Amino acid sequence: MKKTGIGIWCCGMLLIIFALQSCSKEKIGLEDQKKNPITSQKSFSPISKSFYSEPELVTYSLSNRFYDESLVATPCEATEFGNVLSGYFEDLLKDPLFNFELLNYYLELNRKYVTYYVGDNYYGEDGEFNQLGKKRMRELTKFWNLNREIILNGQHTAFLNDREILTDMIESFDRSVRNREEAYAKADLLLAFNESSPNFPENPYFAFDAFTKSNGLLVIGDGLLKSITDIGIDSKLAFTAVLAHEWWHQAQFEYDEEWDYIDQFSNSAEISKFSELEADFAAAYFLGHKRGATYNWKRLEEYFRLSFNVGDCLTQSPSHHGTPQQRLLAAKFGYELADSAQKKGFILSPSEVHSAFLEFYEAMGI
Ligand SMILES: [Zn+2]
């Protein structure tokens, strides 16, 4: 199995649907931009483009893309989850201080920050998933027995309201800023802006990432968890399910050479679909296993049905995850595998689960 990228973005379809930016790419624009000729921070108002150091102008229309028919056609019609997400987005758009450049600037800073951050972590806005996070990570470590250190970084909107953290972000990733002093000055202007906006940066959208890197990093944003719980899914199940899905991507990295089935795929959409469906399959295997998270199918089905039916109908997209029906089916078979194996009281190895998934994948003719 050869991967061209070293990261897997798991909520890519959401960001694509909302047409903010492509999150399937590894690189983040801030690093690539040219240095801005900033000579005096005070001369920039928070609505100036150069203040945010945007790498390039956005050329598509936000609202047109958002209401693009192809994105809401069957089987991706508006759903509860879709409604929750568009609610966040409408809140943003209705904010009198809405600023597209700042939106992208914050999204990139917060993504970049959790990609490189090393240190103490908390999970959930107020650390409400701290204990569960530790417990599930212990369980997953034992369950899959991967030969790598896996780190979970929590992503929070509060990072963008914290003077020291925001300054760290700006100093590290905004190349228009030359030193910490300038970074503080920019952070202070942004914090003043934040104070007058109810959405910047509190809107869940600013912590909406869920992704995996080949170096063992997992990232789960509070905003993504909030969106799942806002549709009525139990928050612990949501956290565990997202974590288990991301964890499997680490198995895919670990067995990159051995698992060569995807070598036959010629485009990244196919590779992405395969990898994502397998992550759903394996996550459901762990979630339903008696020596895993022990959820019953009724609860899992609710999670998978609701969280997936926002859909990913961009079947040609390089970050395609499979359609909602395919994802639900993959999860169901993963669960059934656990249900049948658990009677024998053992846990299948990652390669055995991978083989079982291949059987499913080929039988389905996806
Ligand atoms: Zn994924």
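The expected span of a helix is 1.5 Å times one less than its number of residues. Keep that rule in mind for the views of this predicted model.

**View 1. Helix H6 has the length its residue count suggests.** Running over residues 80-94, H6 contains 15 residues. From first C-alpha to last, H6 reaches 21 Å, close to the expected 21 Å.

**View 2. Helix H6 has a buried side and an exposed face.** Look here for Phe81, Val84, Leu85, Tyr88 and Leu92, which are buried. These residues lie on the same side of H6 because they cover an arc of only 95° around its axis. On the face turned away from that side sit Asn83, Glu90 and Lys94, which are exposed.

**View 3. Helix H10 packs against helix H9 through its buried residues.** H10 (residues 180-196) has 17 residues, and its end C-alpha atoms are 25 Å apart, in agreement with the 24 Å that it should span. Ala183, Lys186, Ala187, Leu190 and Asn194 are the buried residues of H10. They share one side of H10, since their arc around the axis is only 105°. H9 (163-173) is the helix they pack against. Turned away from the buried side, the other face carries the exposed Glu181, Ala192, Glu195 and Ser196.

**View 4. Confidence varies along the chain.** Mean pLDDT is highest in helix H8 (residues 130-144), at 98, and lowest in helix H4 (residues 62-66), at 29. Over residues 12-49 the pLDDT stays under 50, though the model has 74 contacts beyond four places in sequence for this stretch. Please do not read predicted coordinates in detail where pLDDT is low. For the protein chain, the mean is 80, and 75% of residues reach 70 or more.

Notes
Residues are numbered from 1 along each chain as its sequence is written. This is a predicted model: local features need pLDDT of at least 70, side-chain atom pairs count only at pLDDT 80 or more; totals for chains, interfaces and linings use all residues. pLDDT is the predictor's confidence in each residue, from 0 to 100. Helices (H or I, at least four residues) and strands (E, at least two) are DSSP runs, numbered from the N terminus. Two residues are in contact if their C-beta atoms, placed from the backbone, lie within 7 Å. A residue is buried if 20 or more other C-beta atoms lie within 10 Å of its own, exposed if 12 or fewer, and partly exposed in between; C-beta atoms are placed from the backbone. The arc is that of the directions from the helix axis to the C-beta atoms.
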